[in-house]
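Me: I've got a structure to go through before class. Can you walk me through it in short answers?

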Amino acid sequence: MYQYTAFDKQFVQQRARQFRDQLGRWQAGLLSEEDFRPLRLQNGWYVQRYAPMLRVAVPYGEIASRQLRMLARIARDYDEPQADVYQAAMQGQGKLGTLFLPKNCAHFTTRTNVQFNWIALADSAEVMDLLASVDMHGIQTSGNCIRNTTTDALAGVAVDEVVDPRPYAEILRQWSTLHPEFAFLPRKFKIAVSGASDDRAATGWHDIGLHLVRNGAGEIGFKVLVGGGMGRTPLIATVIRGFLPWQQIMNYIEAIVRVYNARGRRDNKYKARIKILVKAEGQQYIDDVEEEFRQIVEIDGGPHTISQAEFDRVAACFVAPVLATQPDADPAVLQARLSALAAEHPAFGRWLRRNVHAHRNPQLRAVTLSFKRPGQAPGDASSAQLLALADLVDQYSAGEARVTHEQNILLPWVPASRLFALWQQARSLGLASANVQLLTDMIACPGGDFCALANARSLPIAEAITQRYQDLDELEDIGPIDLHISGCINSCGHHHSGHIGILGVDKDGQEWYQVTLGGSDGSDASGPASAGRVIGPSFSAAEVPDVIEAVLHTYRALREHGEGFQSTVRRAGLEPFKQAAKSARHQDALAMA
């Protein structure tokens with residue numbers, strides 16, 4: 001993973017000191033709330049429903065064991081609300097039926113960041129210092145700026161990788177951090193980079209999506225997509241360049257964001273994202289970007305052109321891990337050993353099929369540890385679990401892990417010969433559920449239990465569905481399904497891209513939920529990126545698990561041999577699923593609808 005230089009370390013520590021000064025002046029009344037708000041937001045500090053929320057940046061998902069241990073310390077010592085704050089939260093959410101609000105834990109997000117929900121602002125400077133001590137921060141995890149750049153969790157190890165996207169993502173991170181022209185954009189801005197043939201980075205759903213490709217001459221470049229996004233108006237990004245030489249990518253993004261910064265709407269935050277500008281202007285926007293790019297290169301001299309020396313400097317910071325020396329085994333022999341263990345231990349065999357991924361090095365594997373289990377919110381990890389995870393990362397993955405888009409943790413450097421030992425240890429910690437890409441491997445935002453913007457709770461819905469589908473044989477029979485849950489139209493749970501999407505809505509002060517079918521993130525398994533379509537009126541919280549069950553029952557009845565959920569929905573259409581969902585409506589809810 002990327003190794004911070006002396007400059008990187010100094011930069012993060014200096015930013016922490018600046019925040020401590022800003023916090024102190026605000027506490028002393030020398031800085032107004034209005035002036036302090038953008039400062040705390042640009043360091044990742046929100047004020048949520050009951051307490052502050054801190055979002056910690058994890059660039060392109062890479063995280064070290066020492067950083068996990070620090071997150072564990074912060075969760076243990078600081079993610080602990082005062083008794084009166086927690087009591088008020090429990091009373092407020094208890095009226096809606098919430099029985100438990102998690103604390104002393106970290107939450108893995110869909111943008112591969114980490115969030116805490118209970119840290120007091122009075123402790124925020126101390127926490128920022130602790131983060132800086134392990135090369136972490138919250139810079140630009142909020143605000144109308146370029147946010148955390150994401151990639152594929154398998155970046156650098158995937159067998160289908162065309163080019164490793166991580167050095168490019170790091171160059172973009174360094175360029176965009178504290179960029180003076182793009183600190184106050186019309187709205188937040190998100191970039192994703194994919195270097196594999198399978199787009200596992202959901203690039204079509206981003207403000208800018210970048211695909212590393214090779215042209216006919218074998219040269220490396222980018223296919224550039226612009227204008228994707230979720231929210232009130234879900235749109236798929238438009239390809240505006242089929243091939244751009246990699247050296248020019250920052251000049252080109254500069255042009256894209258300059259045009260957006262100049263002409264993006266600032267009078268209506270719901271229409272301020274770049275997707276609205278691209279949709280409204282179409283070819284004119286593309287032409288203007290090309291002209292801006294031409295001027296940057298020809299008149300300004302291409303100031304952000306990436307030289308080979310600069311690329312090599314950054315790439316050299318991605319140090320391959322030193323693995324424990326083991327004699328190389330014949331891949332066929334390794335596979336035979338694993339097959340024998342799988343036959344002797346069926347649960348291990350299921351885990352191998354579902355959670356273990358091929359690696360560019362035939363001696364290694366990448367392994368997903370599932371953070372989707374009953375009794376804990378999707379993506380949540382307690383302080384004790386974070387410490388145990390750090391130990392696993394040290395023992396089995398050379399000290400490196402990845403936070404995934406799906407809110408799990410991936411270990412990218414696991415020797416195939418040690419998979420059984422890893423499985424045994426992960427199983428004892430409750431992190432070896434073989435449900436990756438199945439229904440219970442769902443994405444969910446924190447929802448109305450924490451977020452002041454949410455219209456409805458997400459976590460109780462996720463828990464109810466998880467509890468209902470604990471039979472792994474049943475889940476395997478249903479097959480791969482992306483279930484995504486958002487507590488509001490802001491779509492932090494990415495409900496638009498779910499094969500099954502659930503959106504919390506407010507109806508006369510009551511929680512209701514829309515259900516969508518057929519969405520896709522753009523991966524090979526899901527098909528081209530697309531937004532799901534709503535099936536009927538909204539449902540009450542009590543109805544949602546029954547609606548999901550009815551939809552799945554209909555799918556199993558309609559599917560042809562070997563046909564997956566997405567293919568069945570596309571072939572059969574929405575009508576049979578609408579009727580099934582309607583039949584699951586409760587009588588009391590029907591009277592209220």
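Me: What phi does Ala 398 take, just after α13?
Reply: A positive one, about 55°. Keep in mind that this is a predicted model.

Me: Why would anyone remark on the sign of phi?
Reply: Because most residues other than glycine have a negative phi.

Me: Back up to α13. How many residues does it have, and how far does it reach?
Reply: Helix α13 covers residues 383-396, which is 14 residues. From first C-alpha to last it reaches 20 Å. That is close to the 20 Å expected at 1.5 Å a residue.

Me: Which residues of α13 are buried?
Reply: Ser 383, Gln 385, Leu 386, Ala 388, Leu 389, Ala 390, Leu 392, Val 393 and Tyr 396.

Me: Any general rule for reading a list like that?
Reply: An α-helix has 3.6 residues a turn, so residues three or four places apart point the same way.

Me: OK, sheets. What is the strand order in the open sheet of five strands?
Reply: The order is β3-β14-β15-β12-β11, with antiparallel pairing. The edge strands are β3 (62-64) and β11 (356-357). Each of those two pairs on one side only.

Me: What holds strands together in general?
Reply: Backbone hydrogen bonds, in either a parallel or an antiparallel arrangement.

Me: How many bridges join β3 to β14?
Reply: Three, and the two strands run antiparallel. Ala 64 stands opposite Glu 400 in β14.

Me: And on the β15 side, how many bridges are there?
Reply: Two bridges link β14 (residues 400-403) with β15 (residues 409-415), again antiparallel. Val 403 has Ile 409 as its bridge partner. Arg 402 has Leu 410.

Me: Which way do the β14 side chains point?
Reply: Glu 400 and Arg 402 point one way, Ala 401 and Val 403 the other. All four are buried. In a regular strand, side chains alternate between the two faces of the sheet.

Me: What sits in the loop between β14 and β15?
Reply: Gln 407 is in that loop. The hairpin has five residues between its strands. Gln 407 has a positive phi of about 70°, although it is not a glycine.

Me: Is Gln 407 buried or exposed?
Reply: Buried, because its relative accessibility is 1%, and the cut-off for buried is under 20%.

Me: Where else is there a positive phi in a residue other than glycine?
Reply: Asp 508 has one, near 55°. Asp 508 lies in the loop between β18 (500-507) and β19 (510-517).

Me: Buried or exposed, that Asp 508?
Reply: Exposed, because its relative accessibility is 76%, and exposed means over 50%.

Me: New topic. How many disulfides does the structure hold?
Reply: Zero. Take Cys 451: the nearest cysteine sulfur belongs to Cys 488 and is 5.8 Å away. Cys 451 counts as buried, at 17% relative accessibility.

Me: Why is Cys 492 not bonded to Cys 445?
Reply: Because their sulfurs are 6.0 Å apart, too far for a bond. The cut-off for a disulfide is 2.5 Å. Cys 445 holds the closest cysteine sulfur to that of Cys 492. Cys 492 counts as partly exposed, at 43% relative accessibility.

Me: Now holes. How many cavities of 30 Å³ or more are there?
Reply: Five. The largest has a volume of about 120 Å³. Its lining includes His 137, Arg 147, Asn 148 and Arg 173.

Me: How does the lining of the largest cavity split by class?
Reply: Four nonpolar, six polar and two charged residues.

Me: What about the second largest cavity: how much space is in it?
Reply: About 60 Å³. Its lining has six nonpolar, two polar and one charged residues. Among them are Cys 105, His 107, Asp 380 and Phe 450.

Me: And the second largest pocket, what is its volume?
Reply: About 820 Å³. It is lined by 36 residues. Glu 406, Gln 437, Asp 482, Ser 523 and Ala 525 lie nearest its centre.

Me: Which helix gives the largest share of that pocket's lining?
Reply: Helix α18 (residues 565-572), with four residues. By class, the lining of the second largest pocket has eleven nonpolar, 16 polar and nine charged residues.

Conventions: Residues are numbered from 1 along each chain as its sequence is written. This is a predicted model: local features need pLDDT of at least 70, side-chain atom pairs count only at pLDDT 80 or more; totals for chains, interfaces and linings use all residues. Side-chain values use heavy atoms; hydrogens and water are left out. The expected span of a helix is 1.5 Å times one less than its number of residues. Buried means under 20% relative accessible area, exposed over 50%, partly exposed in between (1.4 Å probe, protein chains only). Two strands pair if DSSP finds at least two bridges between them. On a 1 Å grid over the protein atoms alone, a cavity is a set of points where a 1.4 Å probe fits but cannot get out, and a pocket is an open set with protein on both sides within 12 Å along at least five of seven lines; lining residues have an atom within 4 Å of a point. Grid points are joined across faces, edges and corners, and a volume is the space filled by probe spheres set on the points. Ala, Val, Leu, Ile, Met, Phe, Trp, Tyr, Cys and Pro count as nonpolar, Asp, Glu, Lys and Arg as charged, and the others, Gly among them, as polar.
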